[in-house]
Amino acid sequence: MRAILRAIILSGVLLNVTYSQEIDWSLLSFSVTGQWIAPQKEFGTYWNNGPALGVYADVPVRCPLFLSASGILSAHSVSETPRKSRIPHVVLVQLGGGLSLLYDLSASVHVGLTAHLVNNTFIFSGPAARPGFENAVESEFGFSLTASLVWKSGVLPPLVALASYQPILVGLEPVAIVSVGLGVRIE
Amino acid sequence: MIRRFIVTAIFFGCAQLHAQPGYLSLDQRVTDVVGRTSSVQLFSATRYMPIVSPRGLANWSAPANIVEINNMPFEAFPLNLVSPDYTPFELVLAESVEVVRRPVLTYAGAYPAGLLSLGSTTIPDSLLVFGRMYGGSETGDIILDEYTKDGLPFYNRNKIGFSGAAGISNRLGRFTYRLTAAGFNYFSVGYKDRDPIILSYIDAATFSRPNRNYIGIAELIWDDGNEMKVMFYGGMNSFAAWEQLPFASTFGFFSGTLGTTRLSIQNVMSFLSVAIRRDAVSLSMRNHANTDGGSSKSSVTALHTVASFDLGRSVSIALPFEYAVREFSVPSGNRQFLTSGENSTTWAAGFELRMDFEDCRTQAMVRSERGFTGKRLLSGSLVVAVEPSERSRLELSLSSVERSPTPLERSGIFSTIRYRPVLGRNDTLTILGNRTLRPARTTGGEITYSGVQTSIAVFAFAIDAEIRRRPVEIIRSASPGDVVFSGSYENRRRRMFGGVEVGFHVDVSDRTDAGIQYVWTQNHSQLPRHQARASGTTKVMEHTSASVVIHGMSRTHWPEFAVLPGQDDLAGTGSDGIVPEFWTIDCVIVQSLGKVWFIRGLEAKLELQNLLNRELQTFPIGVTRDFAVIGYLSFKL
């Protein structure tokens with residue numbers, strides 16, 4: 001299943017890149033979002049949902065195709081389980097890059113779909129983190145799919161709502177995270 | 001003339017690799033370029049300190065010297081760890097990475113196992129700041145499970161830490177200079193279920209220490225405005241790594257520094273070039289469970305001269321000469337690797353005759369040297385190339401190249417202790433050198449036809465008195481579960497070795513090209529009998545290119561790692577020492593990002609290695625490779 005997913009994503013990347021052109025960096029835009037991250041599977045069993053701060057950047061390659069990047073920082077406390085004392089808190093840093101498709105539904109509403117390759121860095125803290133060892137930071141890749149909605153009221157700065165799902169390719173049992181968020185877009 | 005200094009033997013008749021000029025800085029290290037684009041083999045238990053064999057005329061336990069930097073040999077490798085990445089050179093400087101996969105003579109060396117030639121770019125006349133960086137990871141780490149499941153260890157797995165290089169160059173009057181610094185960090189210990197051996201060595205002191213290299217290079221050139229140039233190249237490479245050492249019988253965590261200092265004068269007189277070089281390495285291995293540490297130092301200080309004469313009528317001769325002092329030293333009480341120092345003075349003299357006619361070129365070369373052991377060595381080569389048309393070339397290459405045993409092969413020692421539960425005692429397993437080793441000689445030839453789209457090569461060689469390690473006892477220990485052996489080096493009887501290489505390349509369109517390469521090798525168990533590679537690259541837009549490489553090879557056999565069931569203290573099943581066949585798919589996308597703020601010439605690359613996550617192993621023990629994602633950036637200011 002993983003292989004199929006990778007092949008599909010890679011094919012999409014290759015096809016999309018086929019239409020790329022030289023990048024005009026003066027059209028670079030940012031979004032800043034507050035998010036709520038919900039870990040799934042093993043990650044969700046032992047760690048709680050947590051708040052997050054996200055920063056997104058995108059630049060058009062050839063409309064509606066955009067080159068995009070993201071950085072999300074979230075904190076996750078340990079769930080109430082019998083193992084709680086042996087599990088450290090996690091700060092999760094997601095750094096992603098990939099492609100976005102952004103469409104104008106009307107003059108004030110735009111929708112987007114983003115596919116990112118994401119590097120997830122797990123920073124463990126507290127007494128349970130790596131007893132006897134000095135390095136309590138680990139990272140792993142995942143693929144995220146994000147749906148977004150941008151509303152330009154003309155009065156307020158453009159507002160962004162988003163929802164994403166990211167399977168993370170960790171070892172014994174793959175995990176995932178779901179996130180939703182609201183923010184502003186700076187163009 | 002200095003461009004001719006030693007470069008001659010790479011000329012026609014030898015398979016060459018031009019490793020995608022322009023994208024070299026968007027790769028990891030030299031070994032990755034070579035491994036991705038040619039049929040050489042990488043021998044590494046930890047993947048990230050790879051040893052290269054240019055197709056089989058050297059072997060893992062006794063590799064021959066194979067690297068030249070700017071047409072001068074680099075000889076000071078730690079403990080026979082012959083790798084182009086264990087040199088004072090950095091890929092960001094590379095103009096080319098060329099691979100000669102057959103025995104070859106150059107003005108400054110004889111290479112029975114082939115040659116990796118690293119050449120740096122010309123320093124531009126204006127200020128240039130340049131750099132490259134990369135990082136990535138294999139997937140599948142048990143990051144969370146370490147805390148949520150019992151019995152899983154804490155360790156760093158297969159990651160590429162933030163790595164890269166940067167430099168600055170400029171011209172000041174008659175001087176040009178370039179300063180370069182680089183750092184590479186690799187965590188590579190495999191996975192608990194598949195790669196238990198190296199994990200068993202990891203302790204708190206080495207847990208967070210990656211395999212790493214830090215490199216610094218200074219280049220300075222003065223020219224007199226005519227033909228004479230004085231060139232200085234100084235470089236060092238500080239390293240630390242976990243690796244299965246070729247000379248040892250087990251893993252070791254070792255560190256040290258190697259470096260080179262070279263001063264060459266081009267056209268001292270119209271026919272004469274002179275160069276002085278000093279290559280040196282110091283190394284120490286730390287103690288770990290049941291194995292004493294050790295240290296050693298070695299150096300080569302050499303004077304090279306080349307006199308070249310054009311005799312007219314397309315005939316020229318060259319007279320290369322080398323005088324070298326080779327020193328090996330160890331601290332008193334050293335019990336590993338070498339127990340006493342060895343010094344030797346060697347010399348080499350050569351003669352080259354070249355005749356370049358319209359449709360036919362001929363090069364004949366002879367090299368006589370006094371080897372490290374004091375014995376005279378004699379090597380020779382003959383290359384004849386005929387070009388019946390502008391689009392085809394037929395080449396015949398004959399060579400006979402001799403090499404001395406190295407000090408480690410002659411006088412080395414390495415011991416480790418393992419508890420044998422069946423015997424109820426500790427056993428000491430020892431690798432010993434052999435002072436009676438004779439020089440090895442590789443003799444043979446190759447016929448190559450090269451057309452516009454097709455190349456076919458047939459090669460056959462005999463290796464006389466090949467120097468290899470012969471294990472006398474091989475065990476898999478109960479703890480830590482590694483394969484350890486006793487043995488000594490020996491000269492083997494004559495062995496024939498040959499094969500066929502076929503390559504086909506086609507330009508599908510003006511934007512797309514594709515190629516297939518197949519190699520069949522006969523009578524060499526450590527090489528795959530079948531090896532195939534298919535690749536395609538398309539320039540999808542002016543600033544974007546994508547490529548796919550499919551690479552596969554049949555199984556290989558490593559007798560030094562075959563364990564009988566009765567000697568398997570861990571599982572009792574034994575192992576056959578066979579590395580299974582594998583094939584992989586790698587994908588690359590390269591995007592030119594143009595100018596971003598003040599950074600010019602920004603290029604990015606995304607590399608997906610082993611895309612289908614097939615289990616891949618290049619060495620009988622050590623880590624396997626998984627699907628990996630690596631990102632690259634390079635820039636020029």
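# Reading the labels in a predicted model

Author: Let's start with the nonpolar patch: its largest share, 3 residues, comes from E21(B). Please keep in mind that this is a predicted model.

Reader: Happy to. Which residues make the nonpolar surface patch?

Author: Twelve names would be a lot to take in at once, so here they are by type. The leucines are B:Leu382, B:Leu394, B:Leu396 and B:Leu398. The valines are B:Val386, B:Val458 and B:Val502, and the isoleucines are B:Ile447 and B:Ile456. B:Tyr449, B:Tyr518 and B:Trp520 complete the patch, which covers about 930 Å². Two or more residues each come from strands E20 (376–389), E21 (392–403), E24 (440–450), E25 and E29 (512–522) of chain B.

Reader: What makes B:Leu382 count as partly exposed?

Author: B:Leu382 sits in strand E20 of chain B. Its relative accessibility is 33%, and partly exposed runs between the 20% and 50% limits. The value falls between those limits, so B:Leu382 earns the label. A patch residue also needs over 30% relative accessible area, and 33% passes that cut-off, so B:Leu382 qualifies on this count too.

Reader: Now some charges. Why do B:Arg393 and B:Glu395 count as a salt bridge?

Author: The closest N and O atoms of B:Arg393 and B:Glu395 are 2.5 Å apart. The rule asks for a distance within 4 Å, so this pair qualifies. The two partners carry different burial labels: B:Arg393 is partly exposed at 26% relative accessible area, while B:Glu395 is buried at 5%.

Reader: How do you know that B:Glu466 and B:Arg495 form a salt bridge?

Author: By the same test: their closest N and O atoms are 2.9 Å apart, and the limit is 4 Å, so the pair counts. B:Glu466 lies in the loop between strand E25 (454–464) and strand E26 (467–476) of chain B, and B:Arg495 in strand E28 (residues 495–507), so the bridge ties together parts that are 29 residues apart in sequence.

Reader: Why is B:Arg495 called buried?

Author: Buried means under 20%. B:Arg495 has a relative accessible area of 19%, so it is buried by that rule. Its partner B:Glu466, at 5%, is buried as well.

Reader: What parts does the pair of B:Asp568 and B:Arg476 tie together?

Author: First the bridge: the closest N and O atoms of B:Asp568 and B:Arg476 are 2.7 Å apart. B:Asp568 belongs to the loop between strand E32 (556–557) and strand E33 (578–579) of chain B, and B:Arg476 to strand E26, so the pair links parts that are 92 residues apart in sequence. Both B:Asp568 and B:Arg476 are buried.

Reader: How many salt bridges are there over all chains?

Author: The count comes to 43. Some are linked in a network, whose arginines are B:Arg262, B:Arg277, B:Arg326 and B:Arg367. The acidic members of this network are B:Glu75, B:Asp279, B:Glu322 and B:Glu369.

Reader: Over to chain A. What makes E7(A) and E8(A) a pair?

Author: Pairing needs at least two bridges. E7(A) and E8(A) share 10, so they count as paired, in the antiparallel sense. One of these bridges has A:Leu162 opposite A:Gly181. The two strands form a hairpin with 6 residues between them. Strand E6 (residues 137–151) of chain A also runs antiparallel to E7(A), joined by 8 bridges.

Reader: Which residues form the covered face of strand E7 (residues 159–168) of chain A?

Author: A:Val160, A:Leu162, A:Ser164, A:Gln166 and A:Ile168 do, while A:Leu159, A:Ala161, A:Ala163, A:Tyr165 and A:Pro167 form the uncovered face.

Reader: Why does A:His110 count as buried?

Author: A:His110, in strand E5 (residues 109–125) of chain A, has 12% relative accessibility, which is under the 20% limit and therefore buried. Beyond neighbours within four places in sequence, its contacts include A:Tyr103, A:Ser148 and A:Lys152.

Reader: Last one: what pLDDT does chain B average?

Author: Chain B averages 85, and 90% of its residues score at least 70. Over residues 1–21 of chain B, however, the pLDDT is below 50, although this stretch has 84 contacts in the model beyond near neighbours in sequence. Where pLDDT is low, the predicted coordinates should not be read in detail.

How values were computed:
Residues are numbered from 1 along each chain as its sequence is written. Chains are lettered from A and ligands numbered from 1 in the order in which they are written. This is a predicted model: local features need pLDDT of at least 70, side-chain atom pairs count only at pLDDT 80 or more; totals for chains, interfaces and linings use all residues. Side-chain values use heavy atoms; hydrogens and water are left out. A salt bridge is a side-chain nitrogen of Lys or Arg within 4 Å of a carboxyl oxygen of Asp or Glu. Buried means under 20% relative accessible area, exposed over 50%, partly exposed in between (1.4 Å probe, protein chains only). Helices (H or I, at least four residues) and strands (E, at least two) are DSSP runs, numbered from the N terminus. pLDDT is the predictor's confidence in each residue, from 0 to 100. Contact means heavy atoms within 4.5 Å. Patches are made of residues with over 30% relative accessible area and no salt bridge: like charges are joined within 9 Å, nonpolar side chains (Val, Leu, Ile, Met, Phe, Trp, Tyr) within 5 Å. Accessible areas come from the Shrake-Rupley method with a 1.4 Å probe; for residues, only the protein chains shown count as cover.
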